[in-house]
Amino acid sequence: MPDTYAILREADCRLDLDKASEIMAPYLGLAKAEMLQALHNSPGILADHVGYDAARDMAKELILAGMPCRVVHYDHLIHVPALPRVTIRGMEFQDEHLVFRSVEWEGHIPWEHIRLLDIVQEVEEKVEIVSVIEGNRESHSKKPERKARFEVSVFLEIVCSDPVLRMRIDRSLFRYKSTGLKMHTSREMNFRALCIALHMRSPDALIGPGFAWLSKGNNTHHQNGNTLKKFENFATWLLTVEA
């Protein structure tokens with residue numbers, strides 16, 4: 001299998017999506033609009049599985065356009081771990097450590113090892129068949145009709161280093177009383193309080209775009225655009241540039 005490379009933005013890079021799309025699209029055989037959409041989902045790793053010459057030339061053009069970046073061998077990326085099989089159900093806040101529990105195991109990690117906090121939404125379309133009555137009082141009939149609704153699941157993602165670890169909290173399943181934090185009148189308020197408390201205990205951790213959305217006062221069920229794909233791109237970028 002031939003060597004392939006990835007292009008990573010530097011931490012201080014302010015990406016001009018329009019200009020970057022214009023530069024990168026020809027190298028990757030994409031239309032500019034396709035490249036723009038790809039970059040919307042790639043907040044850290046701008047492209048991967050690219051041949052060395054194309055990666056080098058793209059990076060050079062991006063740097064000359066004022067967007068500092070680097071070329072990294074694909075095998076040298078430190079990928080965020082795969083989705084945990086089970087979510088964290090409870091936590092205990094200790095002075096030096098965060099203790100976390102799932103239905104299967106328990107562990108602890110020093111606060112300073114938490115490197116990233118982010119909130120990810122997963123939207124699932126549910127389709128059901130409903131009966132719609134057509135006609136008038138004298139003559140009517142039932143007609144089956146497809147009705148779609150969308151279910152939004154909200155997760156707090158926690159990425160740690162040394163060792164690289166990924167934990168996930170399901171907003172709907174977490175036992176908030178386990179933390180010892182003050183309980184509020186709604187799950188949304190308890191989830192928000194948990195996020196804030198974790199960030200206060202780990203102030204050096206980066207916050208991802210979904211967490212930033214929450215910190216601006218937005219409801220976590222309102223669409224924030226931070227998909228699982230976007231989160232994993234950002235987390236892998238962070239782990240790699242900090243290595």
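**Close-up 1. The largest pocket of this predicted model encloses about 380 Å³ of space.** Lining this largest pocket are 19 residues, and those closest to its centre are Ser42, Ile45, Asp48, Lys229 and Asn233. Three elements, namely helix α2 (32-40), strand β2 and helix α6 (228-241), each contribute at least two residues to the lining of the largest pocket. By residue class, the lining of the largest pocket is made up of 10 nonpolar, six polar and three charged residues.

**Close-up 2. The second largest pocket has a volume of about 170 Å³.** The residues that line the second largest pocket are Arg9, Cys13, Leu15, Leu17, Leu39, His40, Ser42, Pro43, Lys230 and Phe234. Helices α2 and α6 each supply at least two residues of this lining, and these two helices each supply at least two residues to the lining of the largest pocket as well. Ser42, which is named among the residues closest to the centre of the largest pocket, also appears in the lining of the second largest pocket. Sorted by class, the lining of the second largest pocket comprises six nonpolar, two polar and two charged residues.

**Close-up 3. His49, a residue of strand β2, has a positive phi.** The phi of His49 is about 55°, although this residue is not a glycine. His49 is found in strand β2, which spans residues 45-50, and strand β2 is one of the elements that supply at least two residues to the lining of the largest pocket. With a relative accessible area of 44%, His49 is partly exposed, because that value lies between the limits of 20% for buried and 50% for exposed residues.

**Close-up 4. A cis peptide bond joins Asp162 to Pro163.** The omega of the bond from Asp162 to Pro163 is near 0°. Pro163 is found in the loop between strand β8 (140-160) and strand β9 (165-170), and Asp162, the residue that precedes the cis bond, is likewise found in the loop between β8 and β9.

**Close-up 5. Asp162, in the loop between β8 and β9, has a positive phi.** For Asp162, which is not a glycine, phi is positive at about 55°. Asp162 has a relative accessibility of 60% and therefore counts as exposed, since the cut-off for an exposed residue is over 50%. This view thus returns to the residue from which the cis peptide bond leads to Pro163.

Conventions: Residues are numbered from 1 along each chain as its sequence is written. This is a predicted model: local features need pLDDT of at least 70, side-chain atom pairs count only at pLDDT 80 or more; totals for chains, interfaces and linings use all residues. Side-chain values use heavy atoms; hydrogens and water are left out. Helices (H or I, at least four residues) and strands (E, at least two) are DSSP runs, numbered from the N terminus. Buried means under 20% relative accessible area, exposed over 50%, partly exposed in between (1.4 Å probe, protein chains only). On a 1 Å grid over the protein atoms alone, a cavity is a set of points where a 1.4 Å probe fits but cannot get out, and a pocket is an open set with protein on both sides within 12 Å along at least five of seven lines; lining residues have an atom within 4 Å of a point. Grid points are joined across faces, edges and corners, and a volume is the space filled by probe spheres set on the points. Ala, Val, Leu, Ile, Met, Phe, Trp, Tyr, Cys and Pro count as nonpolar, Asp, Glu, Lys and Arg as charged, and the others, Gly among them, as polar.
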